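Could you walk me through this protein model, one selection at a time? I have it open in my viewer and would like to know what to click on next.

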Amino acid sequence: SFQDERATQEAFLVPRIEQVWFRFLRLLALMSSIFGVLDSRFVWRHRLPKVQELLLEHMRKRCFPLDQLSKNELFLQATTKNETVKQIKFAFNLT
């Protein structure tokens, strides 16, 4: 939806982003609870990234590529009223 010509319009983009982001947050909580035991036992020993870090990185690459976010006016604004956009900017260090 970042490639659509209406991607700069908040009314078009925010509902789509919210749907993807809320699904991701539910997936993140579920995967963290499932693999949290492995994180605590093996991550430090084998120097692996935690499940949460892997999922966040995958989400950044697949759904929120930084090259497209950096061109979008909605994410370039210094302040925003939308909580979801704030969460995404914070999660991907776009602030």
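Here is a short tour that starts with the whole chain and then visits a few groups of side chains.

**Stop 1: the whole chain**

Before you select anything, keep in mind that this is a predicted model. Switch to a cartoon view and follow the chain from its start: you will pass five helices and zero strands, in the pattern α-α-α-α-α. The C-alpha trace spans about 45 × 25 × 20 Å along its principal axes. The chain has 95 residues, and 28% of them are buried. If you turn on a surface, you are looking at about 6900 Å² of accessible area, with 55% of that belonging to carbon and sulfur atoms. Now think about who touches whom: among contacts with a separation of 6 or more, 63% are between residues 24 or more positions apart.

**Stop 2: an aromatic cluster**

Select W21, F24, F64 and F92 and show their side chains; ring pairs link these four into a cluster. How many aromatic pairs does a search of the whole structure find? The search finds four. Start with W21 and F24, whose ring centres are 5.3 Å apart; their planes meet at 40°, so this pair is tilted. Both residues sit in helix α1, three residues apart, which means that about one helical turn separates them. Is W21 buried or exposed? W21 is buried, because its relative accessible area is 3%, and buried means under 20%. F24 is buried as well, at 5% relative accessibility.

Next, keep W21 and look across to F92. These two rings form an edge-to-face pair, with 6.0 Å from centre to centre and 80° between the planes. This pair links distant parts of the chain: W21 belongs to helix α1, while F92 lies in the segment after α5 (83-91), 71 residues apart. Both W21 and F92 are buried.

**Stop 3: a nonpolar patch on the surface**

Now select L30, I34, F35, L38 and F42. Together they form a nonpolar patch on the surface, with about 430 Å² of accessible area. Centre your view on F35, which is found in helix α1 (residues 10-46). F35 has a relative accessible area of 31%, so this residue is partly exposed.

**Stop 4: a charged residue without a salt bridge**

Stay in helix α1 and select D39. What is the nearest side chain of opposite charge to D39? That side chain is K50, 6.2 Å away. D39 is buried yet has no salt bridge; a salt bridge needs a side-chain nitrogen and a carboxyl oxygen within 4 Å, so K50 does not qualify here. Leaving aside residues up to four places away in sequence, D39 touches K50 and V51.

Now click on K50, in the loop between α1 and α2. K50 is partly exposed, at 43% relative accessibility. With residues up to four places away again left out, K50 touches D39 and V43. Add S32 to your selection and draw a line between the C-alpha atoms: S32 and K50 are 8.8 Å apart in space and 18 residues apart in sequence.

**Stop 5: the salt bridges**

Side chains of opposite charge can pair when their charged atoms come close. How many salt bridges does the structure hold? The structure holds two.

For one of them, select E57 and R60: their closest N and O atoms are 4.0 Å apart. Both residues are in helix α2 (residues 51-62), and they are three residues apart, so about one helical turn lies between them. E57 counts as partly exposed, at 32% relative accessibility.

Then move to E83 and K86, whose side chains meet in a salt bridge with an N to O distance of 3.7 Å. This pair belongs to helix α5, and being three residues apart, E83 and K86 are separated by about one helical turn. E83 is partly exposed at 48% relative accessibility, and K86 is partly exposed at 37%.

**Last look**

Zoom out and show your selections together: the cluster of W21, F24, F64 and F92, the surface patch that includes F35, buried D39 with no salt bridge, and the salt bridges E57 to R60 and E83 to K86.

Key:
Residues are numbered from 1 along each chain as its sequence is written. This is a predicted model: local features need pLDDT of at least 70, side-chain atom pairs count only at pLDDT 80 or more; totals for chains, interfaces and linings use all residues. Side-chain values use heavy atoms; hydrogens and water are left out. Patches are made of residues with over 30% relative accessible area and no salt bridge: like charges are joined within 9 Å, nonpolar side chains (Val, Leu, Ile, Met, Phe, Trp, Tyr) within 5 Å. Accessible areas come from the Shrake-Rupley method with a 1.4 Å probe; for residues, only the protein chains shown count as cover. Helices (H or I, at least four residues) and strands (E, at least two) are DSSP runs, numbered from the N terminus. Buried means under 20% relative accessible area, exposed over 50%, partly exposed in between (1.4 Å probe, protein chains only). Lys and Arg count as positive and Asp and Glu as negative; His and the chain ends are not counted. Contact means heavy atoms within 4.5 Å. Rings of Phe, Tyr and Trp (its six-membered ring) pair if their centres lie within 6.5 Å; planes under 30 degrees apart count as stacked, over 60 as edge-to-face and the rest as tilted.
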